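Here is a set of questions and answers that goes through one model with a first-year student. Each answer sets a value beside its definition and then concludes.

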Amino acid sequence: MNIKALPLRHRFWTPNVAVLLFFMASGVVFAYFRFFHGFASVTNLNPAYPFGIWIAFDVACGVALAAGGFTTAAIVEIFGRHKYHALVRPAILTAFIGYFLVGLAVFFDLGKYYNIWHALVYWNGTSVLFEVAWCVMLYLTVLAIENLPNVIEQFRGKVALPGFLSGLNGPTDWLLGKADGFCRRTMAFFVIAGVVLSFGHQSSLGTMMLIAPYKLHELWYTPLSPLLFLTSAVSVGIPMVVFEGTLAAKFFGRKPETELLAGIAKYIPLFLGTYLLLRLGDLAYRGVLATAFDGSLQGNAFLLEFALFAVPYFVLKRRRSRQNPTLLFLCSLSVICAVVLNRFNVFLIGMDMGPEYSYFPSVGEWAITFAFIAFGVLLYKIGVNYLPILEEEH
């Protein structure tokens, strides 16, 4: 099913862009100290807490919150729900931006960031991180190919390079034609590859936490961790599409896609129900459910996380609730917050490194994290402004 998508062509320089640039500039200042003066000049990391907010949010949350791409592609392209096709392009663009930022964030997380290319050459088939690194690199490549038709559609037959570069107009247009043919013949393969790769690295992030049986709280340490990471990521895929679609309509002055978003939202209770069933079953089987009510910080954090997952499940089971734009947005936001809190619980709050160690993110760590968010929003604005991502309004 084809949709008619057009670039928005809105005015680019707005007060909102100025705010985004301010956060990005603040991040650049602290990034200078991180790369030229080391972790100690910017972060509160220590030998007991090598994982800080850059791993918990910029990487772990970033990977999970980019799940809207493969979730929407699977529903539309694999399971044939083509009436939601208008949601695929923005979801794929957002996923590409999300994974691009995750890759960028790894530079900040690695002590020897200049060795980031080692995973390409020095293979270690027994390492979970090796599998995560390759899955993320391959999926980012797949997402770039899935976004290629947007670029081809915008520029094919319209290449007009200025000055002495005008001699390249013909060859560039020829290349775009070849790329178009390649995409048309192979896109089904890349859609399936994207889903398979996503299943691999989303679950492997959970596998990674199995190395900490004596440090991670029993509410989150479980052999089921890979499956819980995967199902929670799938659960947040559609809520992210609803969240982004609602905000895009508001900030770009577009008509809300209420019917479309309400329709695809019927899958949210299905995914959430599966996750909650696995989560409760795991806690009950291991006999640690009572720990959630011991009044500790970890117990209260778990109860809040669980409530943020459970309330949208019960609310969105009702069709009338899904058709209420405000309620649907708030429920989607609740699921997003639940996944973010879950990753914080697993990587930071649930970790016990001993009474002599503690960690709380520094100003520099927060500044760089906000800079990443601002950069992501700016890239999204550039994408929808100059490429045919959003469906034409009727």
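Buried means under 20% relative accessible area, exposed means over 50%, and partly exposed is whatever lies in between, with a 1.4 Å probe and protein chains only. This is a predicted model, in which local features need pLDDT of at least 70, side-chain atom pairs count only at pLDDT 80 or more, and totals for chains, interfaces and linings use all residues. Residues are numbered from 1 along each chain as its sequence is written, and side-chain values use heavy atoms, with hydrogens and water left out.

Q: Why is Glu153 called partly exposed?
A: Glu153 has 37% relative accessibility, so Glu153 counts as partly exposed, because the class covers values between the limits of 20% and 50%.

Q: What makes Glu153 and Arg89 a salt bridge?
A: A salt bridge is a side-chain nitrogen of Lys or Arg within 4 Å of a carboxyl oxygen of Asp or Glu. The side chains of Glu153 and Arg89 meet at 2.8 Å, N to O, so the pair satisfies the rule. Glu153 lies in helix α6 and Arg89 in helix α4 (residues 88-109), so the bridge ties together parts that are 64 residues apart in sequence. Arg89, at 16% relative accessibility, counts as buried. As a general point, side chains of opposite charge can pair when their charged atoms come close.

Q: How many salt bridges are counted by this rule, and what does the pair of Asp180 and Arg156 tie together?
A: The count comes to five salt bridges. In one of them the side chains of Asp180 and Arg156 meet at 2.8 Å, N to O. Asp180 lies in helix α7 and Arg156 in the loop between α6 and α7, so this pair ties together parts that are 24 residues apart in sequence. Asp180 is buried, at 11% relative accessibility, whereas Arg156 is partly exposed, with a relative accessible area of 41%. Arg156, Asp180 and Arg184 are linked in a network of salt bridges.

Q: What makes Asp282 and Arg286 a salt bridge, and where do the two residues lie?
A: The closest N and O atoms of Asp282 and Arg286 are 3.0 Å apart, and both residues lie in helix α10 (residues 267-286), four residues apart, about one turn of the helix. Asp282 is buried, with a relative accessible area of 7%, while Arg286, at 24%, counts as partly exposed.

Q: Why is the ring pair of Phe57 and Phe344 called tilted?
A: Rings of Phe, Tyr and Trp (its six-membered ring) pair if their centres lie within 6.5 Å, and planes under 30 degrees apart count as stacked, over 60 as edge-to-face and the rest as tilted. By this rule the count comes to 30 aromatic pairs. The rings of Phe57 and Phe344 have their centres 6.3 Å apart and their planes at 50 degrees, so the pair is tilted. Phe57 lies in helix α2 (residues 53-65) and Phe344 in helix α13, so the pair ties together parts that are 287 residues apart in sequence. At 21% relative accessibility Phe57 counts as partly exposed, and at 17% Phe344 counts as buried.

Q: How do you know that Arg343 lies over the face of Phe229?
A: A charge sits over a ring if NZ of Lys or CZ of Arg is within 6 Å of the ring centre and within 35 degrees of the ring normal. Arg343 lies over the face of Phe229, at 4.2 Å from the ring centre, and Arg34 lies over the face of Phe39, at 4.3 Å.

Q: Why is Asn342 called buried, and which residues is Asn342 in contact with?
A: Asn342 has a relative accessible area of 4%, so Asn342 is buried. This residue lies in helix α13 (residues 325-349), where helices (H or I, at least four residues) are DSSP runs, numbered from the N terminus. Contact means heavy atoms within 4.5 Å; leaving aside its neighbours within four places in sequence, Asn342 is in contact with Trp220, Tyr275 and Glu305.

Q: How do you know that the radius of gyration agrees with a compact globule?
A: The radius of gyration is taken over C-alpha atoms, and the globule rule is 2.2 Å times the number of residues to the power 0.38. With 394 residues, a compact globule would have a radius near 21 Å, and the protein has 22 Å, which agrees.
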